[in-house]
Amino acid sequence: DAGRCSGSSRSAFVGSRGAALKRGGRDGCGGCVRGAESPALSFGPARTKRNRRARAAAWTDVAPRRSADRAAFVASAGSQSVGLSKDDLHAAGERGSGGRRVKAAVLLSGGGRSLQNLFDNIDSSTLRSVDVACVISSKVSAKGKERAEARGVPTFVVSPREFRDSEGKNSVADFSAAISSILDSHRVNLVILAGWMHFYRIPDRYQGRVINIHPALIPAFSGKGYYGEHVHKAVIAFGAKVSGCTVHFADNEYDHGAIILQRAIEVRDDDDASTLAARVFEEEKLALVH
């Protein structure tokens, strides 16, 4: 994951494709942060009124388009609806997918807390149109694997160490092909990277169907090497005042795909990596099933 942090807390609120971000929600530090298309805005005292008019025009135009676009998106691709809203997801199951439920695969490498969060929300009917079709773990000993097995979910172990090329190095191609084969066999239409610690090369047929949850506000504190506790240590060491989590579409670069949703929290003066990680994870639980 090589960080692309700009060294400014402002970078945490810059979305993909040059999008402006609208801050809202109930949290005092910004709550949910979503990407929104907006024209470029100039800065400087002489252009303040022009900026205000441009922003007002942009949001007047964007708001109805976003609503319509989101409905069309969900109706046409129920497989991509997790992370939008629980109502959208239900609509995808009822309309966009012809009454079919969303079949999700979860890839994990550790404790499986995000997997358990999915199970809990499925059981409570918060996620009314999602089934976890299979779970792939990169470790035999992963607690997340045990959680899946206890629920009767088909579970597989695919370790990168088992796939070597002719020079004895890990073969990303063969490792990724083994994962894709399992996904194909279960006919999943959504893949969730939930604490997955390895590079999965996404084939064309799964582009736009893989989402990841990252424990920071991309593009800050993201990229190769930024995972788990390393992220939170870096946030505190840098002195950032805001952190959070990001749900985004995964592509074949680390922490790079289009942002779906972000949730922000304040970094407290007395936070350490452990306390910050715990509070960020509470936001992850909300973001993944929002």
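Reader: Let's kick off with strand 9, residues 259–266. How many of its 8 residues are buried?
Author: Strand 9 is largely enclosed by the rest of the structure, because most of its residues count as buried. Keep in mind that this is a predicted model. Of the 8 residues in strand 9, the number buried is 7.

Reader: And which strand pairs with strand 9 over 7 bridges?
Author: The pairing runs in the antiparallel sense. One pair of residues shows it: Ala-264 in strand 9 has Gly-244 standing opposite. The partner strand, then, is strand 8.

Reader: Okay, stay in strand 8. Is Thr-246 buried or exposed?
Author: Thr-246 sits in strand 8, which covers residues 242–249. The cut-off for buried is under 20% relative accessible area. Thr-246 comes in at 0% relative accessibility, so it counts as buried.

Reader: A threonine has a hydroxyl to place. Which residue's backbone nitrogen does the side chain of Thr-246 reach?
Author: Skipping neighbours within four places in sequence, the contacts of Thr-246 include Asn-212, Ile-213, His-214, Ala-216 and Leu-217. Ile-259, Leu-261 and Gln-262 are also among them. The backbone nitrogen that its side chain reaches, at 3.1 Å, belongs to Ile-218.

Reader: Some of those contacts sit in strand 7. What is the sense of the pairing between strand 7 and strand 8?
Author: Strand 7 and strand 8 are joined over 4 bridges. In one of the facing pairs, Ile-213 is opposite Val-247 of strand 8. The sense of this pairing is antiparallel.

Reader: What about the pairing of strand 6, residues 190–193, with strand 7?
Author: These two strands share 3 bridges. As an example, Leu-193 has Asn-212 as its bridge partner in strand 7. Here the sense of the pairing is parallel.

Reader: Strand 7 is residues 210–214. Which of its residues point the other way from Val-210, Asn-212 and His-214?
Author: In a regular strand, side chains alternate between the two faces of the sheet. Strand 7 has 5 of its 5 residues buried, so it is largely enclosed by the rest of the structure. Both sets are buried, and the ones pointing the other way are Ile-211 and Ile-213.

Reader: Let's move to the packing. Which helix supplies the largest share of the largest nonpolar core?
Author: That core has 39 residues, and those with the most contacts inside it are Val-106, Leu-115, Val-132, Val-135, Ile-192, Ile-211 and Phe-221. The largest share is 5 residues, and it comes from helix 7.

Reader: How many residues are in the second, separate core?
Author: The second core is separate from the one just described, and it includes Ile-136, Phe-175, Val-188 and Trp-196. Its residue count is 19.

Reader: Back to helix 7. Which residue's backbone oxygen does the side chain of Arg-279 reach?
Author: Arg-279 lies in helix 7 and is buried, with a relative accessible area of 18%. Leaving out residues up to four places away in sequence, it touches Ile-265, Val-267, Arg-268 and Asp-271, among others. The backbone oxygen in reach of its side chain, at 3.1 Å, is that of Glu-266.

Reader: Now helix 4, residues 143–151. Within what arc do its buried residues fall?
Author: The buried residues of helix 4 are Gly-144, Lys-145 and Ala-148. An α-helix has 3.6 residues a turn, so residues three or four places apart point the same way. The buried residues of helix 4 line one face of the helix, because seen down its axis they fall within an arc of 105°.

Reader: And which residue with a positive phi follows helix 4?
Author: The buried residues of helix 4 are covered by elements including strand 3, helix 3, strand 4 and strand 5. Just after helix 4 comes a residue whose phi is near 85°, and that residue is Gly-152.

Reader: Last one, the whole chain: what percentage of the 290 residues count as buried?
Author: The protein has 7 helices and 9 strands. It exposes about 14300 Å², with carbon and sulfur atoms supplying 49% of that. As for its 290 residues, the share that counts as buried is 47%.

Terms used:
Residues numbered from 1 in each chain as written. Predicted model: local features only at pLDDT ≥ 70, side-chain atom pairs only at ≥ 80, totals over all residues. Heavy atoms only, no water. Buried < 20%, exposed > 50% of the residue type's maximum accessible area, 1.4 Å probe, protein only. Polar contact = N/O pair within 3.5 Å; in protein donor to acceptor, adjacent residues only side chain to side chain. Contact = heavy atoms within 4.5 Å. Core = buried A, V, L, I, M, F, W, Y, C linked by side-chain atoms within 4.5 Å. Areas by Shrake-Rupley, 256 points an atom, 1.4 Å probe, with all protein chains shown as cover. Arc of directions from axis to C-beta. Pairing = 2+ DSSP bridges.
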